[in-house]
Structure formats: C-alpha cells, structure tokens
Amino acid sequence: MKITATLGVIAALAAWTLTALLTMNLLSGHFDTRTCQTGCVQTYFFAAAAAGFAALVTGVVSAVSQKTRVIGIFALILAIPLCAIYSVFLLGMVL
C-alpha cells in the first residue's frame, strides 16, 4: 500500500512539472517561433491532466488506509489544486 501512496506523490509532482513545462511553452513567444507546436502542447496538457487525476485517485485510496494516511493526504494536497485547474480547462473545452 505504501507503493500506491508514493506513486500518488510522484504522479502529482510529475503533473506539476508537466504543467510548468506547458506554461513555459505557451508563454515562450509567437506560435511560429516555438519549438513545441500544437501536437506537443496537447501531449503536455493531456499527460499532465492524466497524471494529476491518477495522483488524485491514488491519494484518495492512500488517505483512506490507516498505514499511509499522511502520504495520501500529502498527495491530495498536491493533486487537488492541479485537478481543479485541469477540470476548469476541460470544461471550457467541452462547453
């Protein structure tokens, strides 16, 4: 069960890293001069969203367990704001 909690924290940190890379890429200048075009940005976005939601699920599972409650709560603290950000973006794309 500790592996699940650790994977939740690692997934949350990876999702935050991908989010930072996505933000740096989107703010790096004109679209024509970027090294990472539309496909790359989509890959960053969906990989970060998937890692964030995986961190949320593993954080919830870990927070319920008595042995890994502290690590699970830490994973939730990292994952909940990230999932809120990506939920707003995904709802904005759908609606």
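This report walks through a predicted model of a single protein chain, from its overall fold to a few individual residues.

**Overall layout**

The protein chain has three helices and zero strands, and reading along the sequence gives the pattern α-α-α. Its C-alpha trace spans about 50 × 30 × 15 Å along the principal axes. Of the contacts between residues at least 6 apart in sequence, 70% join residues at least 24 apart. Among the 95 residues of the protein chain, 34% count as buried. The accessible surface comes to about 5,900 Å², and carbon and sulfur atoms account for 77% of that area.

**Helix α1 and its partners**

Let's start with helix α1, which covers residues 2-26. With 25 residues at 1.5 Å a residue, α1 should span 36 Å, and because its end C-alpha atoms are 36 Å apart, the expected and modelled values agree. The buried residues of α1 are Ala-5, Gly-8, Val-9, Ala-11, Ala-12, Ala-15, Leu-18, Thr-19, Leu-22 and Asn-25. When you look at how they are spaced, it helps to recall that an α-helix has 3.6 residues a turn, so residues three or four places apart point the same way. Which helices do the buried residues of α1 pack against? They pack against α2 (38-64) and α3 (69-94).

**Two residues side by side**

Ser-62 and Leu-95 make a handy pair to inspect.

| Residue | Location | Relative accessibility |
|---|---|---|
| Ser-62 | helix α2 | 0%, buried |
| Leu-95 | segment after α3 | 83%, exposed |

Ser-62 counts as buried because its relative accessibility is 0%, under the 20% cut-off. Which residues does Ser-62 touch, leaving aside those up to four places away in sequence? They are Thr-4, Ala-5, Thr-68, Arg-69 and Gly-72. Ala-5, itself one of the buried residues of α1, also takes part in a polar contact: the side chain of Ser-62 reaches the backbone nitrogen of Ala-5 at 3.3 Å.

Leu-95, by comparison, counts as exposed because its relative accessibility is 83%, over the 50% cut-off.

**A nonpolar patch on the surface**

Leu-95 also belongs to a nonpolar surface patch of about 620 Å², together with Phe-46, Leu-91, Met-93 and Val-94. Which helix gives the largest share of this patch? That is α3, with three residues, while Leu-95 lies in the segment after α3.

Terms used: Residues are numbered from 1 along each chain as its sequence is written. This is a predicted model: local features need pLDDT of at least 70, side-chain atom pairs count only at pLDDT 80 or more; totals for chains, interfaces and linings use all residues. Side-chain values use heavy atoms; hydrogens and water are left out. Helices (H or I, at least four residues) and strands (E, at least two) are DSSP runs, numbered from the N terminus. The expected span of a helix is 1.5 Å times one less than its number of residues. Buried means under 20% relative accessible area, exposed over 50%, partly exposed in between (1.4 Å probe, protein chains only). Contact means heavy atoms within 4.5 Å. Accessible areas come from the Shrake-Rupley method with a 1.4 Å probe; for residues, only the protein chains shown count as cover. Patches are made of residues with over 30% relative accessible area and no salt bridge: like charges are joined within 9 Å, nonpolar side chains (Val, Leu, Ile, Met, Phe, Trp, Tyr) within 5 Å. A salt bridge is a side-chain nitrogen of Lys or Arg within 4 Å of a carboxyl oxygen of Asp or Glu. A polar contact is a pair of N or O atoms within 3.5 Å; within protein, one must be able to donate a hydrogen and the other to accept it, and residues adjacent in sequence count only if both atoms are side-chain atoms.
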